[in-house]
Amino acid sequence: MTEARTETTSITASGRPAFGLQLRQCRQAAGLSLRQLAGRVGFDHSYLSQVERGQRPGSADLARRCDGELGTGDRLSETYRRTHPKPRPTAPAVQPDPLAAAWQQLAATCPEAADFPEADWAEWLGGLQCLPATQRLPELVRELSALQIGRQTADETRQTELSLSIAETLTACGRSGEARRWWWGARQLAEALGEPGLRSLVLSREVTSGLAEGRALPQLLMLADEAVTLAQQEPLRPDWMLRARSARARVLAELDRVVEAHVLLPQVLSHANELPTASTGGGWTPYEVLAVEGSVCASLGYWTAGCLMFARALELCPSERLEQRALLELAMAECFTGSGQGAAALATAMRVLIELPDEWHTTYVYAAAERVLTSTRRREPGLTGLHDLELLTARRAWTGRTVGSESSWGRGRE
């Protein structure tokens, strides 16, 4: 106990935590909690707590944002500059980028992945700015980086799974350009492994993600067609065929090729019934199966059936999976609209967007909300509440927020 007290006093005497102490005093004087201030300035509340306790130095950007939110003029910025003087000019230090490092590791394992067009990658990097919708991305990148690079099939399969999860999470954060590079890498890894089912899985999930992102439908249909063809080579994995055919059905419905999409519906339901009842194959859970069935029904205009499936899925979905629960409720809202209950649809969608914490807002959530808005406006253009939902869908919780180099994401584990 004595040692800990001495260390804290020493650090305080050196002036390093002065910024954190002043930040805490100003925050408390403004009557804001850590979470409230963190949400306003775009930093993780746990990182902010570490800054206040002197465990992290903070940053000039953080000081500037806190000054703006707390109405402290430039007091915090001045304190930060005084306690963290700029070093004498030297060769600029290059801060490691965990995502870029993970990509280099992937490319070293699968040279084919490194052939992704760099010109497109450079264009995607320009001006991209977002706030991670969840804390999944740092963990996925750390786990991928921690893998022993070898030629064992298990390691390479795990790299493929992590790569496509990174791609999905980047899309969720609004970083679609970076996501496409990781989709490419996941496809190349799966192809190098010679596992058609795994490649089908990657393509199916890319199609589903691409629908939320708004990618060109003909391109997505090509991917979905290939996913179905590959899944047919794995007759013992109905979960892969379920994902592939449901993705294709949704794209066909978006293209107004309803007759072709209808043909796939009984096949989708059949594959769902083939999944083991105790533990669904491929990492699926019962609520996910119901959600897939509901999405196909809704895309074909079977609103009542879709709504019932989404409602049952919501009952089974764990309470801590806030994004998934929000997506299920928004899917139900779209079904409400299709069945002529526009007012209920708008009320549900607005409640979800208002009550869902900002860190759980994703591209997928806003895409679902926009479908509700578009469908309701088409069917009931004069309905009260349309403008309010339009404002909410235009908000984008991550707009203007970045994950700075001093955050837990930029610095990594310590």
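Start by selecting Pro318, which is partly exposed at a relative accessible area of 27% (partly exposed sits between buried, under 20% relative accessible area, and exposed, over 50%, with a 1.4 Å probe and protein chains only). What you have open is a predicted model, where local features need pLDDT of at least 70, side-chain atom pairs count only at pLDDT 80 or more, and totals for chains, interfaces and linings use all residues. Residues are numbered from 1 along each chain as its sequence is written, and side-chain values use heavy atoms, with hydrogens and water left out.

Stay on Pro318 for a moment. It belongs to the loop between helix H17 (303–316) and helix H18 (322–338) (helices are DSSP runs of H or I with at least four residues, numbered from the N terminus). Now add Tyr287 and Arg325 to your selection: leaving aside neighbours within four places in sequence, these are what Pro318 is in contact with (contact means heavy atoms within 4.5 Å). Tyr287 is 31 residues away from Pro318 along the chain, yet their C-alpha atoms are separated by 9.1 Å.

Next, pick helix H14, residues 238–254. How far apart should its ends be? With 17 residues at 1.5 Å a residue, H14 should span 24 Å, and its end C-alpha atoms are indeed 24 Å apart (the expected span is 1.5 Å times one less than the number of residues). Of those 17 residues, 14 are buried, so H14 is largely enclosed by the rest of the structure. Just after H14, click Asp256, which takes a positive phi of about 65 degrees.

Keep H14 on screen and add helix H16, residues 286–299. Their axes come within 9 Å and cross at roughly 25 degrees (axes are lines fitted to C-alpha atoms, for helices over the stretch in contact, and angles run from 0 to 180 degrees between N-to-C directions). The two helices are therefore roughly parallel, a label for angles under 35 degrees.

Which residues meet here? From H14 come Leu242, Ser246, Ala249, Arg250 and Ala253, and from H16 come Val289, Val292, Ser295, Val296 and Ser299. They divide into six nonpolar, three polar and one charged (Ala, Val, Leu, Ile, Met, Phe, Trp, Tyr, Cys and Pro count as nonpolar, Asp, Glu, Lys and Arg as charged, and the others, Gly among them, as polar).

For the last stop, jump to Arg24 in helix H2, residues 18–29. Arg24 is partly exposed, at 28% relative accessibility. Leaving aside neighbours within four places in sequence, Arg24 is in contact with Glu52 and Arg53. Select Leu34 too: it is ten residues from Arg24 in sequence and 8.8 Å away in space, C-alpha to C-alpha.

Technical notes
Parallel < 35°, antiparallel > 145°, perpendicular 65-115°, else oblique.
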